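Open the structure in your viewer and keep the selection panel at hand. The tour below suggests what to select at each stop and says what is there.

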Amino acid sequence: MSMTETSIRRRTVLIAGGATAATLTVGATAPEAPSVTDPAAAVPVAAAAVCTLTKEMTEGPYYLDGQLVRADVSEDKTGVPLKLTLTVVDDDTCAPLGNALVEIWHCDALGEYSGFVGGNGHDEPDNGTFLRGGVLTGSDGVARITSVYPGWYRGRCIHIHVKVHTDVTLTSDGSFEGGQELHTGQLFFDEGITEDVAEVAAYAANTVPRTTLAQDSIYDDGGAASGLLTLTALGGSATSGYAGTLTLGVETG
């Protein structure tokens, strides 16, 4: 479904995934395309990274409060496996931010969001929770979340929405409440890899024309500084899945 979205003005930074430097440099240019490397090597090292200013992205119309705190949000959704490693750091010091809740939400292979099924023209069960949730970062600032590669809906390229919260309270029903929202952004995917994923049966069943990364109205071709994930193949074909890494710097003050 096409929608008009605008940028949020709050300032944040991204740490270019896998970059190393002797000193921290604000305003350095981020890589414009994800690399495909060994999964362990792809995890960013915050203490030796190059800080790059970036903007936040709109949360869009499909956010739902009160989602579950869990490391696997895929539930029973069919799709290409996706293993996300997202590292949160303080933008002033690049120090890892522990005990921050990293929350994601995205559509399934048919371009449908839980809680809004039918919006992309496909009929399927809707429990209001699939492909939604978040986890707390460890002392290293790392949040690991298992999901499936997103599909697409009319007018937008493939993407994942992300929020970073601090000082949340975990609730007895497995959710969270309160705290402070530090970052709202989106994660994007290399177009070449998406082309391969789009041929997998679950995604080929999506009847809506796909908007490419270059055609998207939100992604600004800024590479990692605009949320482009570093993707690593987990096997010899698209069906084996991908690991996606990125380091998000946020203002804590």
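The model in front of you is a predicted one, and the tour begins with its aromatic rings, for a search of the whole structure finds eight aromatic pairs. Select Tyr62 and Tyr113 and show their side chains: the ring centres are 4.3 Å apart and the planes lie at 20°, so this pair counts as stacked. Tyr62 belongs to the loop between β2 (51–55) and β3, while Tyr113 belongs to the loop between β4 and β5 (132–136), so the pair ties together parts that are 51 residues apart in sequence. Both Tyr62 and Tyr113 are buried. Now add Phe116 and Tyr153 to the selection, and you will have a cluster in which ring pairs link these residues with Tyr62 and Tyr113.

Stay with rings for a moment, but turn to charges that sit over them. Select Lys77 together with Phe130, where the charged end of the lysine sits over the ring, 4.0 Å from its centre. Then select Lys163 and Tyr63, where Lys163 lies over the face of the tyrosine at 4.9 Å from the ring centre.

Next, step back and colour the chain by secondary structure, which consists of three helices and 12 strands. The chain has 253 residues, and 54% of them count as buried. Among contacts with a separation of 6 or more, 79% are between residues 24 or more positions apart.

The next stop is the interior. In soluble globular proteins, nonpolar side chains tend to be buried together. Here the largest nonpolar core has 40 residues, and those with the most contacts inside it are Leu86, Tyr149 and Tyr203. To see where this core comes from, highlight the elements that give two or more residues to it, including the strands β3 (81–90), β6 (142–148) and β12 (242–250) and the helices α2 (191–197) and α3 (201–204). A second, separate core consists of seven residues, among them Met57, Phe188, Ile218 and Leu228.

Select Tyr203 by itself and then display what surrounds it. Leaving aside neighbours within four places in sequence, Tyr203 is in contact with residues including Val80, Ala109, Tyr149, Trp152 and Val197.

Which strand holds Val162, the next residue to select? Val162 is in strand β7, and, at 0% relative accessibility, it counts as buried. Not counting residues up to four places away in sequence, Val162 touches Leu86, Ile104, Trp105, Leu187 and Leu248, among others. If you draw a distance from the C-alpha of Val162 to that of Gly133, you should find 9.9 Å between residues that are 29 apart in sequence.

Now look for the cysteines Cys107 and Cys157. Cys107 is buried, with a relative accessible area of 1%, and Cys157 is buried as well, with 3%. The count of disulfides comes to zero.

The last stop concerns the backbone. Most residues other than glycine have a negative phi. Select Leu131, in the loop between β4 and β5, whose phi is positive, near 60°. Then select Asp167, in the loop between β7 and β8 (169–170), whose phi is also positive and near 60°. Is each of these two residues buried or exposed? Leu131 counts as buried because its relative accessibility is 0%, under the 20% limit, whereas Asp167 counts as exposed because its value of 62% is over 50%.

Methods:
Residues numbered from 1 in each chain as written. Predicted model: local features only at pLDDT ≥ 70, side-chain atom pairs only at ≥ 80, totals over all residues. Heavy atoms only, no water. Core = buried A, V, L, I, M, F, W, Y, C linked by side-chain atoms within 4.5 Å. Buried < 20%, exposed > 50% of the residue type's maximum accessible area, 1.4 Å probe, protein only. Helix = DSSP H or I, 4+ residues; strand = E, 2+ residues; numbered from the N terminus. Contact = heavy atoms within 4.5 Å. Disulfide = S-S within 2.5 Å. Phe/Tyr/Trp six-rings, centres within 6.5 Å; stacked < 30°, edge-to-face > 60°. Lys NZ or Arg CZ within 6 Å of the ring centre and 35° of its normal.
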